[in-house]
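Trainee: I have a structure to look at and would like to go through it with you. Could we start with the vocabulary?
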Amino acid sequence: MATGDVIMLVWRGENRDEGDFQEFRVAAQEGEVVLDVIHRIQATQAGDLAVRWNCKAGRCGSCSAEINGLPRLMCMTRMNTFEPGEPIRVAPITAFPVVKDLVTDVSFNYEMAKKVPAFTPRPKDPETEADGHYRMQQEDIERVQEFRRCIECFMCQNVCHVIRDPHVTGRAFAGPRFFVRYAELEMHPLDTSDRRELLRQRMGIGLCNITKCCTEVCPEDIHITDNAIIPLKERVADQRYDPIRRIARRFRRSGSQPPDDPGTVAPS
């Protein structure tokens, strides 16, 4: 059984410019996570402390915060991972405006979600899919299932330096959470929509310089950079900058037809 007091430094305030950390001391109890201690502070010392949470099982992503400077889920961060007597600093995630205390305004992410074109399946083949079911290979299923593990804790959005710099992006950068969503759709073998130009022009895929900070904080161990962002970048580059495609686009704009084989020379 843990003994002694736990020192919690909890950020309080309604905006980042005027808020500050407030110290609380609570008795240590065995088996607790950070969210348990925050709830005890809320129940016994600070009834007006604002904190967002829902499942307390690492599935909803609601209780994300910065604990000793690292983005974590409060419900999945056990108190026994800290040294006895070590002050534990709990702050709201940095990338989004503060509503109050540990609650931030993450509506930016919901606005970005509205811009994702919906899944558009191809028509079913009446010969091979007469029973009304689509056919997919297991490897295709496994590829997109990784992306569906996202719990929308927005910690990947929080650590993204592009999102943190509004002078660079404004609202024209979707962020890693939504590149995962785009990858899920673009890599689905039954989807027929082409979102590559949208990713290039309006979602800012080119602004990501693949530092992998988003992958490092993902609580679901999604390989955001390697399996989602880099393949999307490759698809956009292939569609936009491939030299053969560029020649074909030039001919289409001029109304001419490109030669059947660019490597051959027409007879004189």
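Mentor: Certainly. A residue is called buried if its relative accessible area is under 20%, exposed if over 50%, and partly exposed in between, using a 1.4 Å probe and protein chains only. By that rule C160 is buried, because its relative accessibility is 8%.

Trainee: What kind of model is this, and how are residues numbered?
Mentor: This is a predicted model, in which local features need pLDDT of at least 70 and side-chain atom pairs count only at pLDDT 80 or more, while totals for chains, interfaces and linings use all residues. Residues are numbered from 1 along each chain as its sequence is written, and side-chain values use heavy atoms, leaving out hydrogens and water.

Trainee: How many helices and strands does the chain have?
Mentor: The chain has ten helices and seven strands. These are DSSP runs numbered from the N terminus, with H or I over at least four residues for a helix and E over at least two for a strand.

Trainee: And how much of the chain is buried?
Mentor: Of its 268 residues, 43% count as buried.

Trainee: How many disulfides are there?
Mentor: There are zero disulfides, a disulfide being a pair of cysteine sulfur atoms within 2.5 Å. The closest cysteine sulfur to that of C63 belongs to C75, and at 3.6 Å it is too far for a bond. For C160, the nearest cysteine sulfur is in C213, 6.0 Å away.

Trainee: Is C63 buried or exposed?
Mentor: C63 is buried, with 4% relative accessibility.

Trainee: Changing topic, how do α6 and α9 cross?
Mentor: The axes of α6 (residues 176-186) and α9 (residues 224-241) come within 9 Å and cross at roughly 65 degrees. Axes are lines fitted to C-alpha atoms, for helices over the stretch in contact, with angles from 0 to 180 degrees between N-to-C directions. Angles under 35 degrees count as roughly parallel, over 145 as roughly antiparallel, 65 to 115 as roughly perpendicular and the rest as oblique, so α6 and α9 are roughly perpendicular to each other.

Trainee: Which residues meet there?
Mentor: On the α6 side they include F179, V180 and Y182, and on the α9 side they include I229 and L232. Contact means heavy atoms within 4.5 Å.

Trainee: Where is F108, and is it buried or exposed?
Mentor: F108 lies in helix α2 (residues 107-114) and is buried, with a relative accessible area of 12%. Its C-alpha atom is 8.2 Å from that of F96, twelve residues apart along the chain.
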